[in-house]
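Thanks for making the time this morning. I would like to walk through one model with you, going from the overall fold to a few local details.

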Amino acid sequence: MKICVLPGDGIGPEITAQAVRVLDALRSDGLPIETEEGRIGGCAVDADGVPLPEATLTLAQQSDAVLLGAVGGPQWDNLPREQRPERGLLGIRKSLQLFANLRPAILYPELANASTLKPEVVAGLDIMIVRELTGDIYFGQPRGIEERDGETVGYNTMIYSEAEIRRIARVAFDIAMKRDRRLCSVDKMNVLECTQLWRDVVTDVAKEFPEVELSHMLVDNAAMQLVRNPKQFDVMVTGNMFGDILSDEASMLTGSIGMLPSASLDANNKGMYEPSHGSAPDIAGKGLANPLATILSAAMMLRYTFGNEAAAARIESAVKKVLADGLRTADIYEAGTRKVGTAAMGDAVLAAL
Ligand code: IPM
Ligand code: MG
């Protein structure tokens with residue numbers, strides 16, 4: 001189990017350190033885990049001049065899985081586009097062909113009050129968003145800002161091939177088969193041809209999965225339904241840009257984005273695992289950040305890349321126990337619980353493990 005660890009920027013190093021402690025503990029218990037660190041994002045811009053150094057990409061390619069913290073921060077926001085930390089993230093996703101991004105939104109019963117929605121609307125929430133990650137308007141050509149007829153225009157291209165839609169649809173149907181067997185595909189077919197093709201291809205793939213109940217929803221309605229009645233959803237599948245937006249929305253149903261892991265997989269289940277949140281520069285280096293999303297990302301890694309359900313479940317149970325014991329980082333704190341920092345939260349998870 002060769003794991004490339006990319007702590008990145010902001011709170012990235014603090015939170016990945018706690019997840020690595022969890023992996024170290026599993027190694028002591030006999031799992032053949034090896035970790036090696038690399039640089040990505042702003043720290044790589046500072047040290048190597050580019051957000052995704054060749055050495056990092058090689059290390060990631062030679063590993064079975066990547067554990068990533070977060071990238072970005074205000075000090076790099078004014079760099080040219082190709083040197084921005086986010087480019088490193090998009091570059092590694094594309095180079096490793098991590099087309100399937102799984103973003104679960106699960107509400108832990110102990111955190112029901114952390115949501116801004118009424119507890120009865122979100123109690124028991126368990127949604128899996130499957131976001132296509134290497135296509136769409138994020139990567140479509142042509143793109144740019146240029147002069148046309150005496151004025152400046154900016155443009156991007158929303159594009160999906162049938163093959164790209166087919167492979168992400170299959171991943172989503174497979175996941176639905178292991179859950180409640182309901183899949184909602186999100187598009188904007190009333191306006192965009194690209195997503196008409198999306199709907200047609202997903203409908204066709206559905207024939208391979210007769211046991212899954214497929215529905216379709218326009219993205220504006222999906223955004224509304226997620227806050228109106230989120231529990232109607234089991235698995236959602238959508239393109240890169242809609243998935244970016246809807247997954248942030250879904251994460252907030254659970255109260256804190258600090259709890260949500262993610263997996264980005266290629267066709268062979270090699271994957272990159274990262275918390276759904278960003279680098280939180282405002283609290284970086286203060287030991288306040290919630291490491292649970294990163295620790296839960298390590299659990300997803302054991303499940304999806306290494307097929308070790310027992311080890312994944314063990315980490316997830318440890319996290320649930322720590323929450324049940326009343327420990328909270330600042331982002332999920334409420335009166336009557338015990339506020340702890342990043343390292344103390346890591347200690348508690350290790351003890352529970
Ligand atoms: C995400 C992020 C990234 C994205 C940014 C940092 C490039 O928002 O992973 O959701 O848009 O994909
Ligand atoms: Mg996003």
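Let me begin with a question: what percentage of the 353 residues of the protein chain count as buried? The answer is 53%, and I should say at once that this is a predicted model, so please take every value here as computed from it.

Staying with the whole chain for a moment, we have 12 helices and 14 strands. The radius of gyration is 20 Å, close to the 20 Å that the globule rule gives for 353 residues, so the chain is as compact as a globular protein of that length. If you prefer to think in terms of extents, the C-alpha trace spans about 60 × 50 × 40 Å along its principal axes. As for the contacts with a separation of 6 or more, 75% of them are accounted for by residues 24 or more positions apart.

Now to a pair of helices. Two packed helices are described by the angle between their axes and the distance between the axes. For helix 11, residues 309-324, and helix 12, residues 342-352, the axes come within 8 Å and cross at roughly 120 degrees, which makes helix 11 oblique to helix 12. The crossing of these two helices is right-handed. On the helix 11 side the residues that meet the partner are Ala-318, Val-319, Lys-321 and Val-322, while helix 12 contributes Met-345, Ala-348, Val-349 and Ala-352. Sorted by class, this contact has seven nonpolar residues, no polar ones and one charged residue.

Next, a single side chain that I would ask you to look at: Arg-93, which lies in helix 4, residues 85-95. Is Arg-93 buried or exposed? Arg-93 is buried, because its relative accessible area is 5%, and the cut-off for that label is under 20%. Leaving aside residues up to four places away in sequence, Arg-93 touches Leu-98, Arg-103, Arg-131, Leu-133, Thr-134, Met-272 and Glu-274.

Finally, some backbone details in the loops. Gln-97, in the loop between helix 4 and strand 4, has a positive phi of about 55 degrees although it is not a glycine. Asp-149, in the loop between strand 6 and strand 7, likewise has a positive phi, near 50 degrees, and Asp-149 is exposed, with a relative accessible area of 84%. In the loop between strand 5 and strand 6 we find Pro-142, and the peptide bond leading to it from Gln-141 is cis, with omega near 0 degrees.

Key: Residues are numbered from 1 along each chain as its sequence is written. Chains are lettered from A and ligands numbered from 1 in the order in which they are written. This is a predicted model: local features need pLDDT of at least 70, side-chain atom pairs count only at pLDDT 80 or more; totals for chains, interfaces and linings use all residues. Side-chain values use heavy atoms; hydrogens and water are left out. Helices (H or I, at least four residues) and strands (E, at least two) are DSSP runs, numbered from the N terminus. Buried means under 20% relative accessible area, exposed over 50%, partly exposed in between (1.4 Å probe, protein chains only). Contact means heavy atoms within 4.5 Å. Axes are lines fitted to C-alpha atoms, for helices over the stretch in contact, and angles run from 0 to 180 degrees between N-to-C directions. Angles under 35 degrees count as roughly parallel, over 145 as roughly antiparallel, 65 to 115 as roughly perpendicular and the rest as oblique. A crossing is left-handed if the near helix is turned anticlockwise from the far one by less than a right angle, and right-handed if clockwise. Ala, Val, Leu, Ile, Met, Phe, Trp, Tyr, Cys and Pro count as nonpolar, Asp, Glu, Lys and Arg as charged, and the others, Gly among them, as polar. The radius of gyration is taken over C-alpha atoms; the globule rule is 2.2 Å times the number of residues to the power 0.38.
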